[in-house]
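Here is a short tour of the model for anyone who likes to keep the structure open while reading. Feel free to follow along in your viewer as the topics come up.

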Amino acid sequence: MKIIRIFDTTLRDGEQSPGATMSVEEKVQIAKQLAKLNVDIIEAGFPIASQGDFEAVKRIAEEVRGISVCGLSRAVYGDIDRVGEAIKNTDRGIIHIFLATSDIHLKHKLKIDRAAALDTAIQSVKYARKYTDTIEFTAEDATRSDWDYLCKVTEAVIDAGASTVNMPDTVGYTVPFEYGELIEYLMNKVPNIDKAVISVHCHNDLGLAVANSLSAVLKGAGQVECTINGIGERAGNASLEEIVMAIKTRQKYFSVDTKVNTREIYRTSRLVSKITGMRVQPNKAIVGDNAFAHEAGIHQDGILKERSTYEILKPEEVGIPQSKLVLGKHSGRHAFKERLKELGYEFSDDEDFNKAFDKFKELADQKKSVFDEDIETILTGYIIDSCDTYCLKSMHVICGTQQKHVARVAITVRGEEKEFESYGDGPVDSTYNAIVKLTGTDSTLKKYEVKSITGGTDALGEVVVTLEKNGRVVNGTGSDTDIIVASAKAYINALNKLEERKRIAQRGI
Ligand code: KIV
Ligand code: ZN
């Protein structure tokens with residue numbers, strides 16, 4: 001059966017979702033999980049855009065084995081050199097060059113004509129071949145381009161050495177039937193199309209990204225670009241989990257398959273959501289909290305009699321944990337290790353395992369039962385709480401009905417310890433006032449959300465805050481059994497991300 005390549009762009013296009021900035025370490029963690037999910041290609045960043053993106057592509061290419069790693073580049077030699085440098089230590093590196101082909105982009109954005117764009121496309125692909133044989137060329141805004149011109153560019157870049165030609169619906173404008181026709185047109189009209197794979201990359205502005213991608217697959221596309229939870233620029237990209245599960249569930253119809261290990265889908269979705277601070281809507285297909293919840297009496301009755309009456313796929317197929325084995329303070333190393341293994345986490349390093357076990361013990365002392373979700377939070381906490389510019393050291397807050405609310409917070413700023421005491425309208429307000437004084441931030445708090453990760457009053461609380469500064473928006477997350485501590489962690493996590501964004505902006509891309 002034909003295998004459709006899954007090209008994951010969570011770390012590049014996904015990161016373009018407002019607020020979803022990820023640190024290099026966070027990207028590496030997600031990439032390792034994407035490798036377990038067994039996607040074919042990870043697009044890890046846009047190296048010319050920032051040092052962070054460069055390092056993410058480089059580190060993922062070097063550290064995440066058995067998977068192809070791609071870096072994005074404009075059709076500009078300097079960009080290509082930067083990707084070439086990032087992937088130089090792997091033989092699985094891909095240079096992904098994009099150049100617009102629609103008249104709208106050529107006239108208003110690039111201010112060049114079709115002939116000049118064609119020439120730039122050819123020269124850039126030829127130039128990139130000095131670094132690798134695996135080159136993807138994207139005809140940006142393909143769906144609003146003239147089809148015959150698109151065929152001409154496609155033929156030329158394949159001749160120049162592109163092994164994949166991507167036809168993105170950059171602005172989410174196309175509809176399934178039309179997009180399928182475009183792919184069919186290219187298959188029929190581009191004489192050397194058999195020398196390359198056609199890739200599709202759809203945005204969800206009209207809510208059609210998944211449907212458009214699947215329509216293209218039916219007409220011969222061999223690669224789908226998508227993101228976990230469908231995150232991405234504006235309304236997002238086609239959601240990986242929906243594409244993969246549609247192909248798997250309706251395999252007879254599509255007559256194709258993917259290599260994705262679907263049992264890793266749920267875990268990957270949770271990790272991406274935690275790291276980016278972008279919560280998954282409850283009714284989201286495949287990974288939403290309600291995706292397998294049956295509410296109506298008639299449905300529940302049907303499910304009890306025979307699952308297939310109302311369920312087209314099984315939760316376990318996407319890795320939704322079935323047994324909720326609960327650990328507690330009497331659980332030892334062995335039980336903890338076994339549960340980690342069942343959840344798909346294995347530590348090659350004893351030191352890392354010991355750190356996780358200590359955190360588990362600390363948590364088990366604070367709350368009666370430790371659930372799978374708590375364990376996941378412990379494990380992602382390492383990454384999220386990592387101290388870049390700012391690091392929370394300690395805090396003490398007094399609140400209640402009688403006294404003034406006061407928070408004493410100690411943090412380090414680039415390694416130097418500072419402490420401040422502040423008043424406020426409540427415990428979160430006084431804590432945030434102290435952090436504002438300590439960091440001198442003038443960002444605006446746009447959103448503050450708190451939710452408990454599991455049930456019970458002793459549950460871990462998870463806080464997501466959205467900060468904005470000079471048009472830059474970032475999400476920060478933090479978890480703790482004490483929601484005020486979780487709030488402080490989330491605020492500091494967001495401030496660290498703003499600092500990272502500032503560094504990116506200084507590069508001017
Ligand atoms: O949407 C788009 O056109 C892109 C390309 C750079 C692939 O993200
Ligand atoms: Zn895109």
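**Sheets and a zinc site**

Strand S14 and strand S15 (residues 461–469) run antiparallel and are joined by eight bridges. Please keep in mind that this is a predicted model. The bullets below begin with this pair of strands, then visit the zinc ion, ligand 1 and another sheet.

**The sheet S14-S15-S16**

- Strands S14, S15 and S16 form an open sheet in that order, and the pairing is antiparallel.
- Its edges are strand S14 (444–452) and strand S16 (472–480), each of which pairs on one side only.
- From one strand to the next, the twist averages 15°.
- For a residue-level landmark, look for Leu445, which stands opposite Leu467 in S15.
- As general background, strands of a sheet pair through backbone hydrogen bonds, in either a parallel or an antiparallel way.

**The zinc ion (ligand 2)**

- Which protein atoms are the donors of the zinc ion (ligand 2)? They are OD of Asp13, NE2 of His201 and NE2 of His203, at 2.0 to 2.1 Å from the ion.
- Along the chain, the donors follow the spacing D-x187-H-x1-H.
- Distant parts of the chain are linked here: Asp13 sits in the loop between strand S2 (5–8) and helix H1 (24–37), while His201 belongs to strand S8 (residues 197–201), 188 residues apart.
- Are Asp13 and His201 buried or exposed? Asp13 has a relative accessible area of 2%, so it counts as buried because the cut-off is under 20%.
- His201 is also buried, with a relative accessibility of 4%.

**Ligand 1 and its surroundings**

- Several residues surround ligand 1, among them Arg12, His96, Phe98, Thr138, Glu140, Asn166 and Pro168.
- The zinc donors Asp13, His201 and His203 are also found around ligand 1.
- Strand S5 (93–100) and strand S6 (135–140) each supply at least two residues of this shell.
- Which distance separates an oxygen atom of ligand 1 from a side-chain N or O atom of Thr170? That distance is 2.7 Å.
- Asp13 places a polar side-chain atom 3.0 Å from an oxygen atom of ligand 1.
- His203 likewise has a side-chain N or O atom 3.0 Å from an oxygen atom of ligand 1.
- Ligand 1 on its own exposes 260 Å², of which the protein buries 93%.

**The sheet S11-S12-S13**

- Here is another open sheet of three strands, ordered S11-S12-S13 and paired antiparallel.
- Strand S11 (390–398) and strand S13 (416–424) are the edge strands, each pairing on one side only.
- Neighbouring strands of this sheet are turned against each other by 15° on average, direction ignored.
- How many bridges pair S11 with strand S12 (residues 405–413)? There are eight, and the pairing is antiparallel.
- Val397 has Ala407 in S12 as its bridge partner.
- Ile398 is found in strand S11.
- With a relative accessible area of 35%, Ile398 is partly exposed, because the value falls between the 20% and 50% cut-offs.
- The C-alpha atoms of Ile398 and Arg408 are 8.9 Å apart, and these residues are ten positions from each other along the chain.

Key:
Residues are numbered from 1 along each chain as its sequence is written. Chains are lettered from A and ligands numbered from 1 in the order in which they are written. This is a predicted model: local features need pLDDT of at least 70, side-chain atom pairs count only at pLDDT 80 or more; totals for chains, interfaces and linings use all residues. Side-chain values use heavy atoms; hydrogens and water are left out. Two strands pair if DSSP finds at least two bridges between them. Helices (H or I, at least four residues) and strands (E, at least two) are DSSP runs, numbered from the N terminus. Axes are lines fitted to C-alpha atoms, for helices over the stretch in contact, and angles run from 0 to 180 degrees between N-to-C directions. Donors are N, O and S atoms within 2.8 Å of the metal (3.2 Å for Na, K and Ca); water is not among the atoms, so sites may look incomplete. Buried means under 20% relative accessible area, exposed over 50%, partly exposed in between (1.4 Å probe, protein chains only). A residue is near a molecule or strand if one of its heavy atoms lies within 4 Å of it. A polar contact is a pair of N or O atoms within 3.5 Å; within protein, one must be able to donate a hydrogen and the other to accept it, and residues adjacent in sequence count only if both atoms are side-chain atoms. Accessible areas come from the Shrake-Rupley method with a 1.4 Å probe; for residues, only the protein chains shown count as cover.
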